[in-house]
Amino acid sequence: MTQLFSPLADFVVRLVFVVVVATVILLAVGAWAWWRSPYADGTGIIVDQPVPFSHEHHVSGLGLDCRYCHLSVENSSFAGMPTSYTCMTCHSQLWDESEMLRPVRESLARNEPLRWQRVHNLADFAFFDHRVHVSNGVGCTSCHGDIGEMPLTMKAHSMSMSWCLDCHRNPSPHLEPSDRIFAASAQSTDSEPHPELMAAYDIDEPSRLVQCSICHR
Amino acid sequence: MTRQPKNRRPWQSLAEHDAAPRVFVPGVPDAATPSTTRREFLQLVSASMAAAGLAGCGQRRPEAIVPYVRMPESVVPGQPRHYASTLSLAGIGRGVVVETHEGRPTRIDGNPHHPGSLGTADIFAQAAVLDLYDARRARAPTNADGIASYGALATALADARGGWSKTGGAGLAVLTEPDGSPSFHAALTALRSRWPAIQWYQHDTLLPGNRREATRRLFGQAADAVCRLDHARVVASFDCDILGAGPAQAAMARQYATTRDPQAGGEGFSRWYAVESTPALTGAAADHRLGLPATEIAAGLEQLAAALGVLDGAVEGPLPGHWLRALAGDLRAAGRAALVLVGDHLPVRAHALGILINERLQAPGNTLAYIDPVVPSPDRGLAALAAGIDAGRVTSLLMLCHDPIATAPGDLPLAGLLQRLDFCVHHAPYTGKRSPGDAFWHVPQLHELEAWGDGRAFDGTASLVQPAITPLFSGMTRSELLRLAAGEAAPSGYDIVRGYWRERGGPDFEASWRESLASGLVRDSAAEPLEMRPDPRALPRRDRHSRTGGLSLRLTRDETLWDGRYVRNPWLQELPRPLAKTVWGHCALLAPATAERLGIVSHQRLRITTRAGSVEVSAFVLPGHAAEQLSLSLCTVPEHEEPPGGGAEHFTADVVDSYRLRTGEDLVITEVEVVPLSVHRAVITTQTHHSLHTDDVIREAVLEDYLADPDLLHDEPAERPPEHSLYPPPPEGDYAWAMTIDLNTCIGCNACTLACQSENNIPVVGPAEARRGRVMHWIRVDRYYRDEPQAPRTRFQPVPCMHCEYAPCELVCPTAATLHDDEGLNVMVYNRCIGTRDCSQNCPYKVRRFNWLEYNPYGRDVPLSAARFNPDVTVRSEGVMEKCTYCIQRISRARREAKSENRPIGADEVVTACQSACPTRAITFGDMKNPDARVSGLKKSPRRYDLLGELNTRPRTSYLARLVNPHPDLEE
C-alpha cells in the first residue's frame, strides 16, 4: 500500500498548527497591547480644539489660577468652561488681531459659543463630581496630570474604572494639602500615605468609597 | 374579631373575584401573536448575533463642551436652577417650581408657598414638561395660504380693525376658554371698552355652569365655593370628586389628610360619605360609599334636604333609610364642621339644595367660604356663539380657546358655521382640526413654561407665570394676541403682566415685584370671603318631568387626559387611570349587573348613540359602578400630526371622539341607545400585570378598635419563620435609608408615579408594549377591592422597590449587577446587567422593569425629546433591568453636598421624587438610623407593617395600615 500522505503533508500540518496557535497568541497579545495603549483610552493623544489653547502658557507661564476659567469647580459637579467673554477680558487687549484667536473674537461678536472638544469623556453611567473631590483633598493634577506643562491639552490618565478605583480603594497617597489643590503641577510623585490628610479631610472608609452607588446611579 | 375588615380577601379583577381560592390570573389577555415567520426569526437571530459582536467594539463618540458666550448672572453650570411659576388647569393656577438644567426645564414640583399646590404638583402639572417639548406643536402662524408671518397677521388684524372701528366692534366676537389670568382679563376689558359692541363668549368643556347659576339665583350673584376640608368632621359628597383630578386637588387632598390622623386620640378624625355614579377617588377614600346613577343622585339630595328640614315633608328617594338616617344624624351633630358637596354635572336645583343644606348646617365661615368667581365668565357659551353666527350677528371671531371645533357638542355644527365668518383667528398650541379651504388664521400659543403671565388659584390668590426657557417655537400669549389685535405693534408679555401689577402695586413696586417673582405669588391676594345669605325662596322648582329610570350616559372628565387636551401627552396616556387602571385609550365603564343585563362583556365594542351622534367604543366592566349607567370620559381624537423630523414616542391611543355624543352642555344624557357589537378590542389595563401572592396586602382597622387596642394591626402571620438568614448580614454604613407609605392618607392619585417617571427618565413604552404588560413605572399604585363587585370598597397601595435587606433579587444575578450598598440601598449597576431577568423572576413584589426594546428616544436624532432628561440619572438602554433606586441621585447630591461642607446629611434632607409629589404626604423617606428623622418615628408606629414580611426579606419600605371611621349603624 502506498503512502497516502507525502512527507511534505506532515510538515504542512505542523506548520498550519503552529501558525494557528501563533496567530491566536499574537491576536491576544495585540488586543491586550492595544487595550493598554493610548489608542484605546486616549491618554497622551491631543484632541483638536477650535483654538490651540496652552495651559502651559496661561497657567505655568502667566500664573492664572485654575478657577479663573473653570469657575464652578468648587460649587458644582461640572468644573465649568470659560465663556468667550472670559477669554476676551484679556484678548481684547492682547493678541487682539491674532489669527489664532479669530474664533474667539467671532464667537463673541456673533454670540455663537465655541465648541471645545471633550478631552476627558466619562461613560454616561458614571457620574463624577468636581466639587466633592477638590473639597476633600484631590488636586487638579491628581487626575489631570501635569496640566501646567501641557502646551496642548491631553488626557494624562486613562479615566478607566480601575484607575478610579485605585484611588477610591486607597485615597491616602493621592491627597494634597488644601493649599496645593489648585497647584499647576503635581506636588510630588511619592506614594507615601498621608494619614494626617485623611483625618483632616474626614475621608470615608475606603469600603464606603468603592460602593457602586458612589459613582453609578 | 368580626369587625376586623382586614381578613377579608382583597381582589384586583372580576376574574379574580369569581375564582376561589385565590389563583393566578394571567394579566395579559392575549399577548400579540408573533407576526414573524420562522425564517424571519432565524434571520433576526443571526443578524443580532453579528450585531452583538460589533457592539463590543467602537470608540466613545466625541463630545463637545459648549460654554456660554456670556454667562448669565448667578448661573452655576451643572447645578439645577429653580423658577417659581404657575401652570393652569381649567383656568385656575397651581403654583409650581420648575427645575431647569442648563436652561432646559426637566421637572415640575409644587410651590410650597402657593395655596393651590402646597408644595406638590399634580399629574397634569408634572406632565407639562412633555407638552413643552412636543414637536407637533404649531410653530408659525398659518392662514389659508399656509405658513404666514407675524407681519402679515398684524396687517390682517389692522384691516379687520378698520371695520370694527366703524361699527364699534359690532360683528366681532371673542371666544375664550376659562382663564383666571388677571392681566389677560384686563387686556380683554380694554379691548371691549374700546369697541363696546364686542361680544364675549366662553367655552368651558367640563363645567355646565349649573353651580354658578345656583349661586346667582340664591345669592343674587355668581360665586365660587372654597372648601376647608381640614375644618370638616363630616363630609357628604354627592357625585363631587373633590379629591380627584382638578385644579385644587393638591390643597383638597392635603386638607382631607389632616383630618385622618389618629394621633390625637381620634379627635377630629373625619367621616366621609360619598354617593357616586362613576367610581372616583372621593368614593374610594370615603368611609361609606353608595353607587347611584347620576340621574338619581339629585333625588337623594332631596331626601337629605328633607331629613335636615331644608325641605318640608318627607321625600321619597333612592337613599336607603338607614343610610339617610346615619348621614343626616352625623351632619346634624357635626353642625358647622359638616359639609355637603355637589357634583358639577348635577342640575341647578341640586346645587341650590346643597347651598341651603350647608347654610342650615352653618358650614359657611367654617368649612366653606363663598368668594367672587376666580374665573370671570360671560355666561354665554358655544351655543350662543353658534346662534350669533347663524343670525349674522358675528362675522369675525377671535378664538382664544384650545380646540373649540373638536370639543363642541355633537349637536352643534360649529365647524360649518365658522366657514361663514369673514375673519377668524384661532390661537392655540396645536393647529387642531381644520379643513383645507378654511380662511382661519391660526396663531401658535406659547406654552406656559416659555411665557410671561399670571393666574389665580382656586382661592383667588394671584401668582405669576415666568418663562423657564426661551420659546422653542415662535408663538404668542393670549394677552399679547389681544394687544396685537388692538393695534399694539410688538406687544411683550413681560410688559403686559408687569404693567398690570405696577398699576396695582404700592409705592415700592420694584421690591414687591421681585418678591413675587421669587416666591411665585402676589402677597395677600387671596379673595375675601363674601358675606351672603342664600334666599330659600329662590330655590328652583323640582323638574318632575326629568326621567330617572332607564339607561343613561354620563360624560366625565378624564382622570388622566382632562377634557382631551392632554391626548398627545405620552406620560399621561400611559398613566393608569386611578380606578379602572386603563392606559392608552378610554372605554365606556359600566356596572357588572348592567353588563350582564345587556349581555356585554369587558373589551366588547359598543355603539353608543345619543340624539347628537354615535361612537363605537370598548366596554369595560368596573366594580362599584352605578347600575343602569354608562360612563365615558370626554376626549378628542387628535389629527394625525407628523412631527417635523419624525421622532419616537408618537403612538396612537384608542381614544374616541366622545364629544360627538354630547347634547348641548349636558354631561348626563338620558336618551341613549347602546348596541353591543360582535367585535372585541381589548382595553389595556395594567392592574393585573403584577400580582402579589398574598391575601395580606392591605391592612386596615376601624378607628375605634384601633384606638382601643393599637396593637391589633400588628399580628404577624402564624407561620412566620424566625428572623435569621443563611446569608451574611448586609454591610452597615453611616445611614440607613428607609421609606414608609401611609395607606391611611394615600388617595391613589398617581402623582407619585408621574413624579418618578419625570425624575428618573423612565421611558414610555406605547400601547403595543403596554398590552404585553411592559409598562415601566417604578412605583405603581395597586388598586384592590374588598367585598362584592356591586359595592366594593376600593383600596390603593403604591408599590415601589422595597429595598429588602435580604433581597431575593440579588442572590440570582449572575453578574452582580444588583447588589447592596452599605446604606441599605438595593442598587442596580446598569452597565453590568446582561438582561437575564432572573432578578425580576425572583422578586416577590414584582417591582423590577425590563427594557425589552430601546424605549428611550435617546440620541442626537431627536434632540427635542432628549431635552427633558434629568442629567443626574442614567438613561437606560435596551436589555437592561431597572427599578426604583430611592432616588439615589438625590441621596448622592445630598451626600456630596454634605461631604463638601464637612457635615452629616440632615435628618430629612433627602426627599424622593414620589415623596415631594404626594399631595397627602403619605410617603416619608429618610435615614432610619437618625432618631430625628420622621421616618424613624413612623417605623415605630403601631400601624406599621411590612408587605410579605413572612418571606423574611426585611423590606426597608414599610406600610402604615389604613383606618376607617364607619358610622356604627352602617357597619355590616
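User: What makes the second largest space, at about 150 Å³, a cavity rather than a pocket?

Analyst: This is a predicted model, and in it about 150 Å³ of space lies in the second largest cavity. A cavity is a set of points where a 1.4 Å probe fits but cannot get out, whereas a pocket is an open set, so the term "cavity" applies to this enclosed space.

User: Which residues line the second largest cavity, and which lie nearest its centre?

Analyst: There are 14 lining residues, and Pro576(B), Thr686(B), His690(B), His777(B) and Arg780(B) lie nearest the centre. Strand S31 (residues 780-786) of chain B gives the largest share of that lining, three residues. Sorted by class, the lining has four nonpolar, six polar and four charged residues.

User: How many cavities does the search find, and what is the size cut-off?

Analyst: Twelve turn up across the whole structure, counting those of 30 Å³ or more. The largest has a volume of about 190 Å³. Its lining takes 22 residues, with His402(B), Asp403(B), Ala406(B), Thr407(B) and Thr636(B) nearest the centre.

User: What classes do the residues lining the largest cavity fall into?

Analyst: Eight are nonpolar, seven polar and seven charged. Of the ones nearest the centre, Ala406(B) counts as nonpolar and Asp403(B) as charged, because Ala is on the nonpolar list and Asp on the charged one.

User: How do you know that S11(B) and S12(B) are paired strands?

Analyst: Pairing needs at least two bridges between two strands. Four bridges join strand S11 (residues 271-276) of chain B to S12(B), and the two run parallel, so they pass the cut-off. As an example of who faces whom, Tyr273(B) stands opposite His288(B) in S12(B).

User: Why is the sheet in the order S12-S11-S10-S13 called open, and what stands at its edges?

Analyst: Its four strands, in chain B, pair in parallel. Strand S12 (288-291) and strand S13 (338-342) stand at the edges with a single partner strand each, so one side of each has no neighbour in the sheet. On average, neighbouring strands here are turned by 10° against each other, direction ignored.

User: What makes helix H10 of chain B a helix that packs on this sheet?

Analyst: Contact means heavy atoms within 4.5 Å, and helix H10 (residues 321-334) touches strand S10 (234-238), S11, S12 and S13 of chain B. Its direction makes about 135° with that of S11(B).

User: How do you know that S2(B) pairs with S3(B) in the antiparallel sheet?

Analyst: The bar is again at least two bridges, and nine bridges join S2(B) to strand S3 (residues 92-101) of chain B, so the pair qualifies. Within it, Ala84(B) stands opposite Val97(B) in S3(B). The sheet has three strands in the order S2-S3-S4 (chain B). Strand S2 (81-89) and strand S4 (104-110) are its edge strands, each pairing on one side only. Neighbouring strands are turned by 40° on average, direction ignored. Helix H3 (residues 123-132) of chain B packs on this sheet and touches S2, S3 and S4, its direction making about 170° with that of S4(B).

User: What does the contact between chain B and chain A take from each chain, and what area is buried?

Analyst: Chain B gives 43 residues and chain A gives 46. About 4,000 Å² is buried between them, 51% of it from carbon and sulfur atoms. On the chain B side, Ile65(B), Val69(B) and Lys899(B) supply 19% of the area that chain buries against chain A, more than any other three residues.

Definitions and conventions: Residues are numbered from 1 along each chain as its sequence is written. Chains are lettered from A and ligands numbered from 1 in the order in which they are written. This is a predicted model: local features need pLDDT of at least 70, side-chain atom pairs count only at pLDDT 80 or more; totals for chains, interfaces and linings use all residues. Side-chain values use heavy atoms; hydrogens and water are left out. Axes are lines fitted to C-alpha atoms, for helices over the stretch in contact, and angles run from 0 to 180 degrees between N-to-C directions. On a 1 Å grid over the protein atoms alone, a cavity is a set of points where a 1.4 Å probe fits but cannot get out, and a pocket is an open set with protein on both sides within 12 Å along at least five of seven lines; lining residues have an atom within 4 Å of a point. Grid points are joined across faces, edges and corners, and a volume is the space filled by probe spheres set on the points. Buried area is the accessible area (1.4 Å probe) that two parts lose on being put together, summed over both.
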